[in-house]
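Good morning, and thank you for the time. I shall go through one structure, beginning with a term that will be needed throughout.

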Amino acid sequence: MENGKICQVKNLENEVGFGSTEFMIFRGKENLSGTDFIYYVTRTDYVRNAAVQAMTGTSGESTFYHAFEYLRMQRPKVLFLSVDGTDDHSHSGRYGEYLIYANKADQMIEEMWNWLQSQDDYNDKTTLIITTDHGRGKGSNRSWKTHGRWALGSNQIWMAVLGPDTPPLGEMKTNARYYQKQIAKTVASFLGMGYNNSRREVGEIIRPMLHPNTSSLTVTHSVVGEKTK
Ligand SMILES: [Zn+2]
């Protein structure tokens with residue numbers, strides 16, 4: 001609906017139609033509105049924008065499928081994708097949906113990885129780095145609904161990396177401390193590029209994510225910031 005795929009069905013053989021979870025059905029109400037009128041109203045931005053706002057649970061999925069479409073059509077070198085189903089539901093305190101969306105995020109990642117591996121221009125040349133914007137927290141029963149100073153442990157995040165330039169070491173816990181701010185430079189190093197930013201502090205490359213033999217990647221040029229000339 002939010003993408004404008006709206007149609008009107010008329011002249012059904014016995015006047016009976018079936019809906020499903022994939023359809024939203026609208027019809028006129030006697031003495032109040034005609035079905036043609038409902039059809040034209042639902043096609044307006046006014047109704048469609050309101051519908052998008054109300055679809056909190058599907059936001060992560062629609063982001064994913066739009067990004068996936070872009071990936072298929074434009075074949076970028078780098079794609080940054082942020083899905084927020086788990087975040088939406090945990091902030092609203094819906095634990096059941098939170099679990100469902102964690103599972104959906106897993107499925108979306110699997111779908112994307114399998115697709116990447118089926119494409120000649122991406123397979124065995126592509127790295128997926130997956131992480132979170134904040135941790136789940138491990139304090140009181142309510143800390144999973146929020147983050148920040150009062151949600152103990154919410155500053156702890158995890159990172160996963162999968163690709164040809166990464167040693168397959170399984171689940172790791174090291175003594176070193178790594179930060180989110182190190183991801184940008186790490187992503188750049190997978191592309192054989194350097195990364196500098198004159199306005200923000202940039203963290204160092206997360207070395208264990210790369211094979212030792214890729215750790216001396218030639219820095220060909222800077223991606224962002226600091227003027228080199
Ligand atoms: Zn959040």
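Before turning to individual residues, let me state how burial is decided: a residue counts as buried if 20 or more other C-beta atoms lie within 10 Å of its own, as exposed if 12 or fewer do, and as partly exposed in between. By this cut-off Asp 124 is exposed, because 9 other C-beta atoms lie within 10 Å of its own. Please keep in mind that what you see is a predicted model.

Let me start with the confidence of the prediction. The chain has a mean pLDDT of 83, and 86% of its residues reach 70 or more. Over residues 215–229, however, the pLDDT is below 50, and this stretch has 26 contacts in the model beyond near neighbours in sequence. Among the elements of the chain, strand E1, residues 128–131, has the highest mean pLDDT, at 94. The lowest, 78, belongs to helix H2, residues 45–54.

Next, the overall arrangement. The chain contains six helices and two strands, and their order along the sequence is α-α-α-α-α-β-β-α. Of the 229 residues in the chain, 10% are buried. Among contacts in the chain with a separation of 6 or more, 51% join residues 24 or more positions apart.

I now follow the sequence, beginning with helix H1, residues 35–42, where Thr 35 is found. Is Thr 35 buried, partly exposed or exposed? Thr 35 is partly exposed, because it has 13 C-beta neighbours inside 10 Å. Leaving aside neighbours within four places in sequence, Thr 35 is in contact with Gln 8, Arg 27 and Gly 28. Of these partners, Gln 8 is 27 residues away in sequence, with a C-alpha to C-alpha distance of 8.5 Å from Thr 35.

The loop between helices H3 and H4 holds two residues that I should like to point out. One of them is Arg 75, which has a positive phi of about 50° although it is not a glycine. Arg 75 is exposed, because 11 other C-beta atoms lie within 10 Å. Phe 80 is also placed in the loop between H3, residues 59–74, and H4, residues 85–91. Why does Phe 80 count as exposed? The reason is that Phe 80 has 8 C-beta neighbours inside 10 Å. Phe 80 and Ile 130 are 50 residues apart in sequence, and their C-alpha atoms are 10.0 Å apart in space.

Helix H5 covers residues 95–117. At 1.5 Å a residue, its 23 residues should span 33 Å, and the end C-alpha atoms are 33 Å apart, so the expected and modelled spans agree. Which residues of H5 are buried? They are Tyr 98, Tyr 101, Met 108 and Leu 116.

Asp 124, with which I began, lies in the loop between H5 and E1. Its phi is positive, near 60°, in a residue other than glycine.

Finally, I come to helix H6, residues 183–190. Its buried residues include Thr 186, Val 187, Ala 188, Ser 189 and Phe 190. What covers the buried residues of H6? The cover includes strand E1. Just after H6, Gly 192 takes a positive phi of about 75°.

That concludes the presentation, and I am glad to take questions.

Technical notes. Residues numbered from 1 in each chain as written. Predicted model: local features only at pLDDT ≥ 70, side-chain atom pairs only at ≥ 80, totals over all residues. Helix = DSSP H or I, 4+ residues; strand = E, 2+ residues; numbered from the N terminus. Contact = placed C-beta atoms within 7 Å. Expected span 1.5 Å × (residues − 1). pLDDT = per-residue confidence, 0-100.
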